[in-house]
Amino acid sequence: MSTFDPAERNKSLPARVTAVLYRISQAMNHLLRARGEAAGLSPAQIQALLFLRYARPGVRTIGGLAARLGATYATTSGVADALERKQLLKRQPLPEDRRTVTLQLTAKGRHEAESVEDVLSEVEAAIASLPEAEQEALQRAAQAIVLRLQAAGHVRVYEMCWGCRFFQRDAHPEDPRGPHHCAFVDAPLPEEETVFECPDFVPASV
Ligand code: SF4
């Protein structure tokens, strides 16, 4: 099985599909780079802005960002320093534990994150042009591939609470800290935090 040898690839459907997925990932990288050049941001800086906009508040740290970028602490710190110099983020100690420093978007950073929101819209438009049944089949197939890659440790999936195995809906509706419960961190979850992306998400159906 070979994705890169065209002659070999022609003999294998999985190899041909892998090559197609590789091209799509190249297109996504190109879109990120092109948008970054226009905005004076590197692809890693764009990913950092989107991470800080959507990730669960508890993981908005250098460690959380390093996991998301798949980079070292030193590299991630460099990304955060560059964004701080551009006044797009600020470092802030947690009030309840001042040893933990969180990364927070500034108003300018939030605005910048919003403006790169549509960076993959061309990919989305290409998918939207397919018949709905093909979009659904593509989603099922792509999810199955991602699950396998996740189990092998090649990708970390960030999703919202609602489909997570650890999510306990309305576990304590009167609790002022939040009506829901996260069994992973064993803590209440306010409604507004259930829509953030979390690296500890595990699909309820697995
Ligand atoms: S582990 Fe699951 S329930 Fe807990 S915060 Fe993450 S996504 Fe939500």
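## Exercises on a two-domain chain

Three strands, in the order β3-β4-β5, make up an open sheet with antiparallel pairing. The model is a predicted one: local features need pLDDT of at least 70, side-chain atom pairs count only at pLDDT 80 or more, and totals for chains, interfaces and linings use all residues. Residues are numbered from 1 along each chain as its sequence is written.

**Exercise 1.** State which strands lie at the edges of the open sheet, and describe how β4 is joined to β5.

*Solution.* Start with the terms. Strands are DSSP runs (E, at least two residues) and helices are DSSP runs (H or I, at least four), numbered from the N terminus. Two strands pair if DSSP finds at least two bridges between them. Next, the edges: β3 (167-168) and β5 (187-189) each pair on one side only. Then the join: β4 (residues 180-182) and β5 run antiparallel and share three bridges. Within this pair, His180 stands opposite Leu189 of β5.

**Exercise 2.** Describe how β1 and β2 are arranged.

*Solution.* Strand β1 covers residues 89-94 and strand β2 residues 97-105; six bridges pair them in the antiparallel sense. Two residues lie between the strands, and the two form a hairpin. To place one bridge, take Gln92: its partner in β2 is Thr102.

**Exercise 3.** Compare the span of helix α2 with the expected value.

*Solution.* The expected span is 1.5 Å times one less than the number of residues. Helix α2 (residues 13-39) has 27 residues, and 39 Å is expected. From first C-alpha to last, α2 reaches 39 Å, close to that value. Just after α2 comes Gly40, with a positive phi of about 70 degrees.

**Exercise 4.** Describe the two domains and the contact between them.

*Solution.* Domain bounds come from an automatic or database domain assignment. Domain 1 is 6-129 and domain 2 is 160-206. Their C-alpha centres lie 24 Å apart. Six residues of domain 1 are in contact (C-beta atoms, placed from the backbone, within 7 Å) with five residues of domain 2. The side of domain 1 that touches domain 2 has five nonpolar residues, no polar and one charged. Here Ala, Val, Leu, Ile, Met, Phe, Trp, Tyr, Cys and Pro count as nonpolar, Asp, Glu, Lys and Arg as charged, and the others, Gly among them, as polar.

**Exercise 5.** List the residues around the ligand and sort them by class.

*Solution.* A residue belongs to the shell if its C-beta atom, placed from the backbone, lies within 6 Å of the ligand. The surrounding residues are Arg56, Cys161, Cys164, Phe166, Phe167, Cys182, Phe184, Cys198, Asp200 and Phe201. Sorted, the shell holds eight nonpolar residues, no polar and two charged.
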